[in-house]
There are 2 protein chains.
Amino acid sequence: METRELRYFVAVAEQLHFGRAAERLQMAQPPLSRAIRQLERRLGVTLFERSSRAVTLTEAGAVLLREGRAALDAVDAAERRTRRAAHGPAGLVLVTKAGASSELLPKLLDAYAAEPGAVPVDVLLCGVGQQERLLRDGQADVALLHLPFDSAAGLDIEELTTEGQVAILPAGHPLAGRRTLSMADVAAIPGLPLPRWPGRDGRYPDGPGPEVRDHAQLLQLIALSRAAAVLPESCRSLLGADVATVPVPDAPRVTTVIAWPPHSRSLALAGLIRTAIRL
Amino acid sequence: METRELRYFVAVAEQLHFGRAAERLQMAQPPLSRAIRQLERRLGVTLFERSSRAVTLTEAGAVLLREGRAALDAVDAAERRTRRAAHGPAGLVLVTKAGASSELLPKLLDAYAAEPGAVPVDVLLCGVGQQERLLRDGQADVALLHLPFDSAAGLDIEELTTEGQVAILPAGHPLAGRRTLSMADVAAIPGLPLPRWPGRDGRYPDGPGPEVRDHAQLLQLIALSRAAAVLPESCRSLLGADVATVPVPDAPRVTTVIAWPPHSRSLALAGLIRTAIRL
DNA sequence: CACCGTCGATACCCGCCGGGTATCGAGCCG
DNA sequence: CGGCTCGATACCCGGCGGGTATCGACGGTG
């Protein structure tokens, strides 16, 4: 299977529409149809059920979509890492969620920079749930993840810290004076729904809360009395006076881990991980 | 980057010889040279240092070799898993080292077969160190690994059992009567060197012992008084009267784990793993 | 019910690129 | 200095990837 065929397939499988997929691929529709047919014939597998009104994935097609995305990521990673190995021998890219680990990250960067043989570290801030993909496709070398929110499947990890969670409420809200709250309390606050985060596939679950992509967005909504949230304690350091925090003892504890792609073979990366573990 | 280019590159990088690589790829040498040049131009990276006497990998080339192999495995896995999803909706392939887990494996298979909704499980026995690759390129769904010998990098695992190790000696050897032996004792037996197992890259380390690929081979060599070995206790069940065992308390304990590729989404696999954990 | 719009499939054409053969040229050897 | 090895270059050809034009099946609609 050629990567070109895989890219075509993924485009059609995501759009479920040959015309739009062709547009996205900057080509005409007939050669795309033909390429998919050829792929199906070579694999000996039907990937799509087509009618003139709708295109749907078969079971095998769903498997190829998932596996094919991973394979394309691996190819992209190979290309990117090769380019980086050639041009700058130096530099690590660390990715984390915008607005998370605001205490740990500067400490880690400072401590690592003080090590002998440290290389420059670029920090890449991304939306929720993007870290894993950036690691897998070679745009980043190492990530800070927060279990159990992020998935560390297929990555090597070391645990760094564990912390409890606190409820974040608009300043002056009646419940803001409470000593503690339970998850059930927070979920049931009238008029302040919990936000909806994007799932692994980038889609949002159904529900009443506002859709959010990062912490800045969320905090603004809370300050505006449009939402409440439960976040790790360390978020407190970047909160303003317009929100209040209340401990939530029965919320799951959050573990911050440092994660990297398996089989990484870089002295610089090993040094950064060693520094992180010692913190 | 197309997979064709990657396959060409990997062939040349492994042979370090354009002529032989072309032969292996069943093509003529000039188009191969041209393809590699094009790849280098498109990446903007020199992958090989060539002289008319020798071809060597650059640093960037070494990166592309490692990453490219992983990417090709991912593409192969996508193809194989798609075919299997289409043709037989059923069946899991479990891979383990020939001659290992001889007690655990039948128990696991029997217990799983008794579960409601169990699917047929094919058992694939392979040489040492091959399991990880078979999982990654889609030929197998799940593996039994033995830490710390096997590497579980990039796989999801659950621990099943932990056991000590015993020395395996020819029957009648003077040391066979001892209550216990230390690692140092075993390593220093005159005339009975420890065997050499293949490393991650399939090559054998230098040293005096015989090169072995699986346990059957090893046991035969021990019976012939050509080697001694230290193996997990559970190996005892498949030993004949021609060898003797002596516990080695200071040998590292061996953990048997069940391992599977991350992001696996199969009910059958989940059932097998659940059964294994309950054992 | 006939008309039309949508959308994937088919038919057909063209130019590029991947693969072939022949040959060159740089090193190392005897 | 001749000959050998081995990668690079030159040149040719056929297939395939991509384009346009068109068909045909299916629904929605006046």
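Reader: Which exposed residues does the face of α3(A) turned away from its buried side carry?

Author: In this predicted model, three residues of α3(A) are buried, namely A:Leu32, A:Ile36 and A:Leu39. They cover an arc of only 60 degrees around the axis, which puts them on the same side of α3(A). The face turned away from that buried side carries the exposed residues A:Pro30, A:Pro31, A:Arg34, A:Arg37, A:Gln38, A:Arg41 and A:Arg42.

Reader: What covers the buried residues of α3(A)?

Author: The residues to be covered are A:Leu32, A:Ile36 and A:Leu39, which are buried in α3(A). What covers them includes two elements of chain A, α1 (3–15) and α2.

Reader: How many Å apart are the end C-alpha atoms of α3(A)?

Author: The helix α3(A) has 15 residues, and at 1.5 Å a residue it should span 21 Å. The distance in the model agrees with this expectation, because the end C-alpha atoms of α3(A) are apart by 21 Å.

Reader: Which element gives the most to the surface near DNA strand C?

Author: There are 17 residues around DNA strand C, and those that come nearest are A:Phe18, A:Pro30, A:Ser33, B:Met27 and B:Ala28. The elements that give two or more residues to this surface are α2 (18–24) and α3 (29–43) of chain A, together with α3 (29–43) of chain B. By class, the surface near DNA strand C divides into 8 nonpolar, 6 polar and 3 charged residues. The element that gives the most, with 4 residues, is α3(A).

Reader: Which element gives the most to the side of chain B that touches chain A?

Author: The contact takes 31 residues from chain B and 31 residues from chain A. On the side of chain B, the elements that give two or more residues are α1 (3–15) and α4 (59–87). By class, this side of chain B has 16 nonpolar, 6 polar and 9 charged residues. With 19 residues, the element that gives the most to it is α4(B).

Reader: By what kind of axis are the two copies related?

Author: Chain B can be laid on chain A with an RMSD of 0.2 Å, by a turn of 179 degrees and a shift of 0.1 Å along the axis. The same surface serves both copies, as 100% of the contact residues of chain B recur in chain A. From the turn and the shift it follows that the two copies are related as by a two-fold rotation axis.

Reader: Which residue of chain B comes closest to the rotation axis?

Author: The axis is the one about which a turn of 179 degrees lays chain B on chain A. Taken by its C-alpha atom, which lies at 2.2 Å, the residue of chain B that comes closest to this axis is B:Gly154.

Definitions and conventions: Residues are numbered from 1 along each chain as its sequence is written. Chains are lettered from A and ligands numbered from 1 in the order in which they are written. This is a predicted model: local features need pLDDT of at least 70, side-chain atom pairs count only at pLDDT 80 or more; totals for chains, interfaces and linings use all residues. Two residues are in contact if their C-beta atoms, placed from the backbone, lie within 7 Å. Ala, Val, Leu, Ile, Met, Phe, Trp, Tyr, Cys and Pro count as nonpolar, Asp, Glu, Lys and Arg as charged, and the others, Gly among them, as polar. A residue is near a molecule or strand if its C-beta atom, placed from the backbone, lies within 6 Å of it. Copies are superposed by least squares on the C-alpha atoms of residues with pLDDT of at least 70 in both. The expected span of a helix is 1.5 Å times one less than its number of residues. A residue is buried if 20 or more other C-beta atoms lie within 10 Å of its own, exposed if 12 or fewer, and partly exposed in between; C-beta atoms are placed from the backbone. The arc is that of the directions from the helix axis to the C-beta atoms.
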